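Work through the exercises below with the sequence and the coordinates at hand. Each task is followed by a solution that goes step by step.

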Amino acid sequence: ARLVAGAALLAVLLTLPYLLAFRALQAEQGFRRPPGMSVKMSFQPSRDLTSWSHVYIGVLGGDGEVLFPGLLPLVLGAIALRRRRRVAWFYAAAAAVLVVLSLGPELSVGSRTLALPYRWLAALPPFDSMRHPFTFASVALFLLAVLAGLGWSRLGLAAKPWAGPAIVLVAIAETMTDAPRLREVPAGVPPAYAMLATMPPGPILELPVLAEESVLWAARHGLPVLNGIGAFTPAQTLVLDRYVSNHWLAAVPEDIDTSRPTRYLLARFPVRYVIIPIGRVAGLRPLAAAFDRSRTFRFLVEAPDGDRIYEVVRDP
C-alpha cells in the first residue's frame, strides 16, 4: 500500500506542472468538450480492435483506432495471471479500470443506456476537455506489455540463451507492417518569412488560416503568427477560418475592406501582416488581386516564389 501511495504521489508531482498549465489555458480559452464528442470517440471494440499488422489486417481490418495488441501479449499476460502473482493482478486490475474508462460516458446495451464512470470523471476539470476516451485503452496496452513481460519471466523457457532473441523475433513478426508514409518537407521556411524577419515585428496571418504547414513554419522561424490548428484551436480562430473560407476563398468579394473576414480580423486579432501564398497554393491569385485594390491591406513586397506580403492599415 505504501508503494502504491508513493507511486501515486510521484505521478501527481510529475504531472502537476502540466495540469496547472492546461488548467490556466482552459480557463483562458473556455475549453469544454460536449458529452456527445466523448460518446463518439470512446473505445468501441467492434470498431477499434483492429490492426495494421500484416498478420491481422486481413482478418480484423485496419480501420478505427487499431488497438488490437496481438495474441502474444494476451497469451503471456494470461500466463502471468495463472501463476497468481500479486503484482500481475495489480497490473491487470489497473488495465481493466482504464478499459472501463475508455468506454466513455455511456454504454448502449440493447435498448438500454448505462452510465459509466467516465461520466463522473468528465465532470471534473481538466478532464471535461477530453474528447477521446479511447486514449485510456491505449495506456492500458502499456500495462498489458508489462503483464506480458511478467508472464514471460515465469516460463522456464525464458532461461534458455536463445529464448530472448526468439521471442523478440516472434513479436516483430506478429506486429510487422508497412513503413509509415512520409512526406518530404524542404528545410528552412518560405522566402516570405525570411523577408518578414527583416521588417518591424508584428503578428502574421498566412492564408488559409488553418494551413498545416504554417505551424511547421512557425516552429522554424519563431515569429509571432495567428495561424494554428490542433485539438484546442481557439474558438475565434475557428470563426475566422470559417469566414475566410466562405467569404474570401470560396468566392472573392469585390470589396475586401467591407467583407466579414476583414471586420472580424481587425476587431479580434492584433494582425499586422498577411501572407497570400500564391507561389505555394493554387487558386489564390484572384484574392491577391482583391487585396491589391484594398485600402486596409497595403501591398509591401512579393517574395521570390510569388508569395505576396500585405501590411494592415488600421483606421485610427
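**Exercise 1: Pairing in the sheet**

β5 and strand β6 (residues 308–312) pair in the antiparallel sense over five bridges, where strands (E, at least two residues) and helices (H or I, at least four residues) are DSSP runs numbered from the N terminus, and two strands pair if DSSP finds at least two bridges between them. The model is a predicted one, in which local features need pLDDT of at least 70 and side-chain atom pairs count only at pLDDT 80 or more, while totals for chains, interfaces and linings use all residues. Residues are numbered from 1 along each chain as its sequence is written, and side-chain values use heavy atoms, with hydrogens and water left out.

Task: establish the strand order of the sheet and the sense of each pairing.

Solution.
1. Begin with the pair β5 and β6, in which R298 stands opposite E311 of β6.
2. Continue from β6 to β4, to which β6 is joined by four bridges in an antiparallel arrangement; here I275 faces I309 in β6.
3. Proceed to β3, which pairs with β4 in the parallel sense over three bridges, with Y273 of β4 as the bridge partner of I204.
4. Assembled, the four strands give an open sheet of mixed pairing in the order β3-β4-β6-β5. Its edge strands are β3 (204–206) and β5 (297–302), each of which pairs on one side only.

**Exercise 2: The faces of β4**

Task: decide whether the two faces of strand β4 (residues 273–276) are covered or open.

Solution.
1. In a regular strand the side chains alternate between the two faces of the sheet.
2. In β4, Y273 and I275 lie on one side, and V274 and I276 on the other.
3. These four residues are all buried, and both faces are thus covered; buried means under 20% relative accessible area, exposed over 50%, and partly exposed in between, with a 1.4 Å probe and protein chains only.

**Exercise 3: Two threonines**

Task: assign T237 and T258 to their elements and classify each as buried, partly exposed or exposed.

Solution.
1. T237 is found in helix α12, and because its relative accessible area is 6%, T237 is buried.
2. Leaving aside residues up to four places away in sequence, T237 touches V209, L210, L226, G228 and F269, contact meaning heavy atoms within 4.5 Å.
3. T258 lies in the loop between α12 (235–249) and α13 (260–268), and because its relative accessibility is 47%, T258 counts as partly exposed.
4. From T258 to S294 the separation is 36 residues in sequence and 9.6 Å in space, C-alpha to C-alpha.
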